[in-house]
Amino acid sequence: MWVWNALSFLGGVLAVSLTAYVSLAVNRRKMDGETLARWEAVLFEKSAQLAEAARSLRHHAERYAAGADQDARRDRVNDAQERLRIAMEQLRLVGNRRVQIAARVVVHHAYAVAMLGVDDRDPRSDQYPDTPPAARLNDALQEFYRAVRQQLRAADPEDVLHEDDFDGIAAGLRPLTPEQRSTKV
């Protein structure tokens, strides 16, 4: 009789142990998934900030010489450079090695774009004699987008349109017919 009691007791202990193990494993996977989702959200946010700052810097640098208020435009270029560097540093916390390198290369070429726009000189012309700063920045951003998409596990992470592709697309666009428009002109 005591054998049955002992086996029942051991069966109960085994059942509780198995239940506890499964519960812990499920909770750990759930927590790992939630942590990964938070990291990916931060990666996306900081990557978007870096891209925004790079585009803003290029926009203001390219319009600096023709602008009426060059002091204000220079301040915008400096602000964009600051935001770009901050975003790059933040990406060092959440980005993998490829993302970190790509972000640093964006900052590297964005500086040349800023200097060309504001001081009319390319500080890196000796290193890249055949490529203007804006083209180098576009290439750097292209690699940055691919790196971020790869880390975020996007479908076809390498399939990102290059800035140069947009000119070809725009050349093939035709005005919408009145029937295609969402509002009448």
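A polar contact is a pair of N or O atoms within 3.5 Å; within protein, one must be able to donate a hydrogen and the other to accept it. The legends below describe a predicted model.

**Figure 1. Asp122 ties a loop to its surroundings through polar contacts of its side chain.** D122 sits in the loop between α3 and α4. Its side chain makes a polar contact with the side chain of R136, at 3.0 Å. The side chain of D122 also reaches the backbone nitrogen of R124, at 2.9 Å. Leaving aside residues up to four places away in sequence, D122 touches A112, L116, P133 and R136. R136 therefore appears both as a polar partner and among the residues touched. Is D122 buried or exposed? D122 is buried, because its relative accessible area of 18% falls under the 20% cut-off.

**Figure 2. The protein as a whole is built from helices.** The model holds 5 helices and 0 strands. Read along the sequence, the pattern is α-α-α-α-α. Of the 185 residues, 29% count as buried. Among contacts between residues at least 6 apart in sequence, 63% join residues at least 24 apart. The mean pLDDT of the protein is 86. A pLDDT of 70 or more is reached by 89% of the residues. Which elements have the lowest and the highest mean pLDDT? Helix α5 has the lowest, at 75, and α3 the highest, at 96. Where pLDDT is low, the predicted coordinates should not be read in detail.

**Figure 3. The largest nonpolar core joins residues of several helices.** This core has 29 residues. Which of them touch the most other members? They are L50, L57, L84, L91, V99, V106 and F144. Helices α1, α2, α3 and α4 each supply at least two residues of the core. The biggest share comes from α3, with 9 residues. L57 is one of the well-connected members. Not counting residues up to four places away in sequence, L57 touches V77, A80, Q81, A110, V113 and A114.

**Figure 4. Helix α2 and its buried residues.** Helix α2 spans residues 70-94, 25 residues in total. From its first C-alpha to its last, α2 reaches 36 Å. That is close to the 36 Å expected at 1.5 Å a residue. Which residues of α2 are buried? They are R73, V77, A80, Q81, L84, A87, M88, L91 and V94. An α-helix has 3.6 residues a turn, so residues three or four places apart point the same way. Among the buried residues of α2, V77, A80 and Q81 are touched by L57. L84 and L91 are buried too, and both belong to the set that touches the most other members of the largest core. E89 also lies in helix α2. E89 is partly exposed, with a relative accessible area of 39%.

**Figure 5. Two pairs of residues far apart in sequence.** E89 and K46 are 43 residues apart in sequence. In space, their C-alpha atoms are 9.5 Å apart. The second pair is F44 and V148, 104 residues apart along the chain. The C-alpha atoms of F44 and V148 are separated by 7.7 Å. F44 is found in helix α1, residues 2-62. F44 counts as exposed, because its relative accessibility of 56% is over the 50% cut-off.

**Figure 6. The aromatic pair of Phe144 and Tyr145.** The count of aromatic pairs comes to 1. F144 and Y145 form this pair, and its geometry is tilted. The ring centres lie 6.3 Å apart, with 55 degrees between the planes. How exposed is each partner? F144 is buried, with a relative accessible area of 1%. Y145 counts as partly exposed, at 25%. F144 is also one of the residues that touch the most other members of the largest nonpolar core.

**Figure 7. Positive phi at Asp120 and Asp156.** Phi of D120 is near 55 degrees, a positive value in a residue other than glycine. D120 lies in the loop between α3 (97-119) and α4 (133-151). D120 is exposed, with a relative accessible area of 65%. Phi of D156 is near 50 degrees, again positive in a residue other than glycine. Where does D156 lie? D156 belongs to the loop between α4 and α5 (163-171). D156 is exposed, with a relative accessible area of 55%.

Key:
Residues are numbered from 1 along each chain as its sequence is written. This is a predicted model: local features need pLDDT of at least 70, side-chain atom pairs count only at pLDDT 80 or more; totals for chains, interfaces and linings use all residues. Side-chain values use heavy atoms; hydrogens and water are left out. Helices (H or I, at least four residues) and strands (E, at least two) are DSSP runs, numbered from the N terminus. The expected span of a helix is 1.5 Å times one less than its number of residues. Buried means under 20% relative accessible area, exposed over 50%, partly exposed in between (1.4 Å probe, protein chains only). Rings of Phe, Tyr and Trp (its six-membered ring) pair if their centres lie within 6.5 Å; planes under 30 degrees apart count as stacked, over 60 as edge-to-face and the rest as tilted. Contact means heavy atoms within 4.5 Å. pLDDT is the predictor's confidence in each residue, from 0 to 100. A nonpolar core is a set of buried Ala, Val, Leu, Ile, Met, Phe, Trp, Tyr and Cys residues joined through side-chain atoms within 4.5 Å.
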